[in-house]
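This report looks at one small sheet and at one contact between chains, and it is meant to be read beside the sequence and the structure.

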Amino acid sequence: MTVTNNAPSGPSPDVAGAGTDVEVAVDLITVVVDGVEMRVPKGTLAIRAAEQLGIEVPRFCDHPLLDPVAACRACLIEVEGMPKPQPACAQVLSDGMEVRTQYSSEVARVAQEGVMEFLLLNHPLDCPVCDKGGECPLQNQAMSVGRPESRFTGAKREFEKPINVSAQVLLDRERCVSCARCTRFAEQIAGDPMIELLERGAKQQVGTAADEPFDSYFSGNTVQICPVGALTSASYRFRSRPFDLVSVPTACEHCASGCSLRTDYRRGVVTRRLAWDDPDVNEEWNCDKGRFAFAYLNQGRIESPMIREHGSLRVASWPEAIDAAARGLATARGSVGVLVGGRSTVEDAYAYSRFARTALATDHIDFRARQGSAEEAAFLSSKVAGAPVSAAYDDLESAPAVLLVSLEPEDESPIVFLRLRKAARAGTQVLSVGATATRSLGKMSGRLVSARPGDEANALRSLDDETRALLGQPGAVILVGERIAGSVGAASAVLELARETGAALAWVPRRSGERGALDAGALAGLLPGGRPLTDEQARRDVAAAWGVEAADLPSEPGLIGADLLEAARDGRLSALVVGGVELADFADPGLAVAAVENADFVVSLENHHSAVTELADVVLPVAVVTEKSGTFVNWEGRPRPFGQVFRDALTMSDARVLAMVAEAMGSSLPADVASIRKEMGALGPWTGARTPAPDTAPGASADGVVIASWRQLLDSGLMQEGEPHLAATARPTVAIVSASMAAALGETVTISGPAGSVTLPVVTGDVLDRVVWVPTNSPGCHIHADLGAVPGTPVQLSAGGAA
Amino acid sequence: MPLTPVITEHWDDPELFTISGYRRHGGYRALESALTRDPDALISLVKDSGLRGRGGAGFPTGLKWSFVPQNDGKPHYLVVNADESEPGACKDIPIMLANPHALVEGVIITSYAIRAKHAFIYIRGEVPEAIRRVANAVREAREAGYLGTDIRGTGFDLDVVVHAGAGAYICGEETALLDSLEGFRGQPRLKPPFPAVAGLYASPTVINNVETICNIPYIVDRGVDWFRQFGTEKSPGFKVFAVSGHVNRPGIYEAPLGITMRELLDYAGGMRDGHQVKFWLPGGSSVPMLTADHLDIPMTYEDMAAAGTMLGTGTPMIFDETVSVVKAVTRWLEFYKHESCGKCTPCREGTYWITGTLEKFEHGHGTEQEVETLVELCGQIMGRSFCALGDAAATPYPAALKYFRDEFVAATTTSADDQFDPVASYVFAGAVAR
Amino acid sequence: MPELPQAVRGFGVTFLTMFKKVVTEQYPEQKVPPKPRFHGRHQLNRWADGLEKCVGCELCAWACPADAIFVEGADNSDQERFSPGERYGRVYQINYLRCIFCGLCIEACPTRALTMTNEYELADDSRAKLIYEKKDLLAPLLPGMVAPPHEMVPGTTERDYYANTVKGASPEQVTTSPAEAEEVAS
């Protein structure tokens, strides 16, 4: 099991062990900085060496994760033997080199002072109305190394302000110091060179092409790394001052990349979120969804428990609601299905897992509120659940080759994409099995291994020798996305390929809670830590930890996926406990709605009003991430613990609510995060025999035109609600087809599936013939509900139609 | 010292720009001979000749070639810097107009020596005539079999691309030129790596000035001893001096290095009648100015450096006493402000500030304190900017202040036009002084 | 001279005081104006055309040693303009239970939006009432001023306001102000 006691976030202790190995290998040189002799690895930049001594050389353009550019000249230092002061950010140290910073060199001090005076020359003195005021490197460094007064009396350069470089990012050009951090980030890190420096001399400015805004998924990072207030975000502009904010380190709840974040709030409201520095995971970046999509935390919340009475919900007290839930569930005990949302913390998922097996005496539990298959469940149970880290971000970076299967990392796990792009720039070969060569694959210089939707298994089993050889190299990695569930035999084929080539295999789910829920055993047939439910020893372990008799635990694997929903619909299950699930997310939303409708008794644990709360008999409001502490487990299997942002929040976590229901039912559950972690830690990961791996014969793609699809990063997702600026930067909803199909279709296409049709603009792309790519859940195209389709479903295309 | 026309020897032949005209005067003879030699021998030949770059910095050409790593498996490139845009410099463009085949022949020999299969001639975009002439010369050379594959049966392949710049002074800076050639915004690159190791398309690249390359055929043809008979030990050879300003016969005078300005002035027909030298610049606006006291200093790299200036492009500008130094320096700074690429702070902001203050002086405003502040500001740019453009921008003012402080102090109260009637400095007929 | 009894001597002070200037103020019947530099209740000033001077920069809140000021800025929009320039103070509160009247906020204010009046009658019967909102603190509209939100004087920028060249509301502004428009309509 990966999640254990409350380990603090930050570098894990075993890194230090690895570090000692590295030191032996690295070539060290001796340098002198400000008279202090020190040994640093060869190739170290002067500015980094100075940092190690705690000497802060002023800088603007320097950023440790961007290539040096030496443009701002703020970091000039004196280098022994060089006639001119040199920029510390680009000065590679050589053995015996002696450098002097502003603390020991008058030359450096005067040079820095001069540059600072120049920087302030055209910089407006609008600090009172600038968002950066109070946390501004220019302010700070002007105070520390600048002149007390400017000698400049002329007119400052002016620009029209602010201009939108995207709907979310605003630019005040007159504040810009032309450090090129934003443009270098866009080019080097995100691979979206949509902003560039334009014009020259003092008129130089950041800008975009007239018809192409800076709609990068990572645009928010430029706001964060801007050393002045030139780039600001629409969502935070004029909202607050840094000294008003309380900052709390948190983990991102949006996807399984597992970013460390800093959440800033003021008076009980989150005002902004920033990427936090975690070199092992997100480095210093995050995606725009993680950064800007937090308005949902405060909007549309369920404020009090509700009970259905005479057909409609009414507000109830907590004791009343808990009592009602307990009575209803007790009646249905043994015939209850539990649906756990994909964004539960591992502690909450564990509570559902234990609640189902003890209080409800059922094993009908599934965390996959999406398309899922029995093959996938077997794959996850046998290979992923509770398993140690098989591949980490660092492994991606050092891998000679990475094969992506049913995974579009830029949309489905953006930080994986950033790391893969970093790796690709250093020579890693990225391969992607799929039907379309996307823009992100291009940014990773990747190669497409063509496979029609549904044909992935065949493609994997018939990889050419060259590709196999690439994956056979030590360190190669295979990353599998959540959509593998939709392709028959693909999971089996991937396992076979990994066995054959020896490549490391990792599952990259999209949602932040899926890996944790899997580890916590929120899947039928699986107990916490990857324990097979059918294993006698595993059941005894778990029963001991839970303080119950092993005989009282269910021994037959329960229903999952569509089977579970069908059972509820058909009345074979009499009650459902639904925690944070959106019914429209299931591959067959109609079935999911029917299941909830037809179940005799439904308890919904939710923070927002949803389709489930509309139908539920008891609605129990639960905390959102800012109101509880917990842990997400990212795709690596790395715990991402986070603390409670709002310590005085009155809402309760799912685990605590379940504990109250359990108690009312005469059972018991640990209620707080600390005791859950302790219990999970004591239980530990399973070392015995695992459930058998799936061995499903490859499926085949349907004839005719089939759908290829995935969820875009910015789409109709409920957690992005309330942030119109972010939504405006989403990619347009289009249908992407090959050039020949596009020629036949014209400008718009009407796509008809089993349940209906949608009409979308046609865009030509690198897509296989007889395949149409559409977004899964974007405004104007929700394939499950609108088309009744999943990836691989054959559809009819007809030209034209009103878009 | 007599003039030594070499590159300019047959400029009176109106057909010189054609291949037949060039051949008539011995053109492409050097190439035939060079192709029979070992490339390394050519590099050492140029090294031995002591030829120094004619673009301004005066870096030894043979040494530059020898920095190119051989047998590294990467393509090598030769780039000719024909982006002549220094104020006052006008030598490369006349060379390309009058004798383009000397450039093409030099390019072929140089490419052969450094094992480049592609050469680029980056010509300033504002001079379409020069672009046409050079492009035509390249076409003629290709038709004559001097370019293409398996040149003269030696197995040596070379293609030459004539590229028109888009008009930016910064693109005369060699790494900015490379960026521009690659299709990016012309901005200087961080060095190291130097272009000889990772230049155009991250491959070893030699960047030479037009005049430097034009010297090559003559050195190969006539030998090191012939070349070294001109000039001095440290500055061997001859130089195309383009004399401009208040002289009677401004123009191009090819003379051995070591000739003095006074001699050049004589060749140029002396100052215009009734006027004396007030100040002059040996090579473009980027070098510190000198006065009439310095007319007898030999025009060599080392002597000019000893006098506190630089030979630069070797294109002297001479101004007589009717010219306001304040105004001249202001014009130059306006140029640098306009041409600063914006990459580094000192150059971008410094030129903005200095130009603004100088414009105040020009109109008779400002304070004596500002006269001193400007020196400090120039010091804040000099040696701290990203490339030499910043240094160049910081050069004119301190040099001018050294000799003409009174004029700047007076300019804080009296406008330049009131100090010096601008009409008096006009050289065209009919200008009448106030 | 015979000694007066101690008790009588004691009345001497009283007697003499009867002839001195009376220091007792008949507050509240008679209100004596305090000295001009007296630190009283704050006031949020306006420009000559009625727009607010406050830009919501929070420097006053930053300077406040008693943490008595709460400010939240917001964007002026084309439809709703409260101050010249981009930003205005959407929320402005001073908690007079905390304020120590030191005046550091006044020194911090970059637009001279915040000054202090001589008003000292700051007592009330609840804590809530002693938290003054923006509407309580804003200076009254003088003749020639138009209540915001409304556009800047046509043809001017915020720069003209800061240079104090705007001397009053223009006729156009009278009609752009919703409050005035209502008045005109009725």
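In this predicted model, strand 6 of chain A is joined by two bridges to strand 7 (residues 169–171) of chain A, and the two run antiparallel. Within this pairing, A:I163 stands opposite A:L171 of strand 7 of chain A. The wider arrangement is an open sheet of three strands of chain A in the order 6-7-10, with antiparallel pairing; its edges are strand 6 (163–164) and strand 10 (231–233) of chain A, each of which pairs on one side only. In general, the strands of a sheet pair through backbone hydrogen bonds, whether parallel or antiparallel.

Chain A also meets chain C, and the totals for that interface are set out below.

| Interface of chain C and chain A | Value |
|---|---|
| Residues of chain C in contact | 16 residues |
| Residues of chain A in contact | 17 residues |
| Buried area | about 1,400 Å² |
| Salt bridges | five salt bridges |
| Polar contacts (both residues at pLDDT 80 or more) | five residue pairs |

On the side of chain C that touches chain A, helix 2 (59–63), strand 2 (69–75) and strand 3 (87–95) of chain C each supply at least two residues, and strand 2 of chain C gives the most, with six residues. By character, the residues of this side of chain C comprise eight nonpolar, two polar and six charged.

Carbon and sulfur atoms give 53% of the area buried between chain C and chain A. One salt bridge is formed by the side chains of C:R87 and A:D131, at 3.8 Å from N to O.

Notes: Residues numbered from 1 in each chain as written. Chains lettered and ligands numbered in written order. Predicted model: local features only at pLDDT ≥ 70, side-chain atom pairs only at ≥ 80, totals over all residues. Heavy atoms only, no water. Contact = heavy atoms within 4.5 Å. Buried area = accessible area lost by both parts, 1.4 Å probe. Salt bridge = Lys/Arg side-chain N within 4 Å of Asp/Glu carboxyl O. Polar contact = N/O pair within 3.5 Å; in protein donor to acceptor, adjacent residues only side chain to side chain. Helix = DSSP H or I, 4+ residues; strand = E, 2+ residues; numbered from the N terminus. Nonpolar A, V, L, I, M, F, W, Y, C, P; charged D, E, K, R; others polar. Pairing = 2+ DSSP bridges.
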